[in-house]
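Biologist: I would be grateful for a close look at one part of this model, its interior. Please also set that part in the context of the rest.

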Amino acid sequence: MCLCSRRRSGEHCPFDIKRQRFQSPLPQAAVATAASSPAAATHSVVHLQSEGRSCAPAFSAASSPQTPKPSGCVPPLRGSPYPELIDSPIPTAKDKLSQQILQLFQTCQQQSDDLEKKELCRAELQREIQRLFPQSRVYLAGSSLNGFGSRSSDADLCLVVQEGPADQRTNAIYILSLVQQLFYRLSYIERPRLIRAKVPILKFRDKVSGVEFDLNVNNVVGIRNTFLLRTYAFIENRVRPLILVVKKWARHHGINDASRGTLSSYSLVLMVLHYLQTLPEPVVPCLQKEYPVSVFQCC
């Protein structure tokens, strides 16, 4: 079956409530809910319960007749710290283009050991940063967890500081500058650079794993979007191969760097999802429209 054609199977698997597994010595009650407004969420503290907050919609059997039923299940993050290879069947390819897409996907997709390296660094950095901000947490986000990561993907980290909200223009830069000074003293971290963008980030490299990291402060929307995109990634088993190939194509042609005036990886993912949603026979549903109560608002 061609990757871009609609799957006609009526079988689907209901979504379980997914939870991210956070390994932290902090007290169980020490994390908070994001504001429902995305604008407010960017400047607010998030309280995430130790048991985990629901991060994917629980689908009911009654779906809209116009919406294709999901053909796959989202691998639970809580069941394994490295979930990328769990319950993720590869679609059948019967044409040459689809075969090439699947071959590239299988070669380039993020492996469990890639994610393990990122998680080990995240856990160690959280312990170090908690010396500055005892009630803080560091979370993996972006392509490392949303299902669209490759072996060469950088890792996004979100530092959630519990003492109060972080204004991205002032407080976030101040917090990241303190973290930058801390990183200068860590032997396994090199090239910590503070980027004063709209959402400031601290870029650095982990010498042990060789992974490049981007650390932001209280960018709660990024955490929420990670879980929404993860649901899209595993709702239909043709989505991940197609998006990964589009990202590779954009990188090859040098049009995947927002800092240089081209498209961000996130924008490319949204464009492909929009295409799959708006075909005459949609491949994936619009989760924000079909399940507005369950899905995190990400606009």
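Modeller: The account below begins with the whole chain and then moves inward.

This is a predicted model, in which local features need pLDDT of at least 70 and side-chain atom pairs count only at pLDDT 80 or more, whereas totals for chains, interfaces and linings use all residues. Residues are numbered from 1 along each chain as its sequence is written, and side-chain values use heavy atoms, with hydrogens and water left out.

The chain holds nine helices and five strands; these are DSSP runs numbered from the N terminus, helices being H or I of at least four residues and strands E of at least two. Read from the N terminus, the order of elements is α-α-α-β-α-β-α-β-β-β-α-α-α-α. Of the 299 residues, 49% count as buried, where buried means under 20% relative accessible area, exposed means over 50%, and partly exposed lies in between (1.4 Å probe, protein chains only). Among contacts with a separation of 6 or more, 70% join residues 24 or more positions apart; a contact requires heavy atoms within 4.5 Å.

The interior can be described through its nonpolar cores. A nonpolar core is a set of buried Ala, Val, Leu, Ile, Met, Phe, Trp, Tyr and Cys residues joined through side-chain atoms within 4.5 Å. In soluble globular proteins, nonpolar side chains tend to be buried together. The largest such core here has 29 residues, and Leu125, Ile129, Leu159, Val179, Phe183, Phe204 and Leu215 have the most contacts inside it. Two or more residues of this core come from each of helix 3 (112-129), strand 1 (137-141), strand 2 (155-160), helix 5 (171-184), strand 3 (189-195), strand 4 (201-206) and strand 5 (212-217). Helix 5 gives the most, with seven residues. Phe183 shows how these elements come together: leaving aside neighbours within four places in sequence, Phe183 is in contact with Leu125, Ile129, Ile189, Pro192, Leu202, Phe204 and Leu215. A second, separate core of 19 residues includes Phe234, Leu242, Val272 and Val283.

Leu242 leads to the helices around the second core. Leu242 lies in helix 7 and is buried, because its relative accessible area is 11%. Its C-alpha atom is 8.3 Å from that of Leu102, although the two residues are 140 apart along the chain.

Helix 2 (residues 96-108) and helix 7 have axes that come within 9 Å and cross at roughly 80°; axes are lines fitted to C-alpha atoms, for helices over the stretch in contact, and angles run from 0 to 180 degrees between N-to-C directions. Helix 2 is therefore roughly perpendicular to helix 7, since angles of 65 to 115 degrees are so named, those under 35 count as roughly parallel, those over 145 as roughly antiparallel, and the rest as oblique. On the helix 2 side, Ile101, Leu102, Leu104, Phe105 and Cys108 meet Arg240, Pro241, Leu242, Leu244, Val245 and Lys248 of helix 7. This contact comprises nine nonpolar, no polar and two charged residues; Ala, Val, Leu, Ile, Met, Phe, Trp, Tyr, Cys and Pro count as nonpolar, Asp, Glu, Lys and Arg as charged, and the others, Gly among them, as polar.

Helix 7 (residues 239-252) also packs against helix 8 (residues 265-277), with axes that come within 10 Å and cross at roughly 135°. That angle makes helix 7 oblique to helix 8. In the contact, Val239, Leu242, Ile243, Val246, Lys247 and Ala250 of helix 7 meet Ser265, Leu268, Val269, Val272, Leu273 and Leu276 of helix 8. By class, these are 10 nonpolar, one polar and one charged residues.

Lys247 has a further partner, Ser143, whose contacts beyond four places in sequence are Gln110, Phe148, Gly149, Ser153, Asp154, Asp156 and Lys247. Ser143 belongs to helix 4 (residues 143-146) and counts as buried because its relative accessible area is 14%.

Among the strands, Cys158 in strand 2 is buried, with a relative accessible area of 1%. Not counting residues up to four places away, Cys158 touches Arg137, Val138, Tyr139, Leu215, Asn216, Asn218, Asn219 and Ile223. Asn218 lies in the loop between strand 5 and helix 6 (220-235); at 0% relative accessibility, Asn218 is buried. Phi of Asn218 is near 55°, a positive value in a residue other than glycine. Arg191, in strand 3, also has a positive phi, near 55°, but with a relative accessible area of 48% Arg191 is partly exposed.
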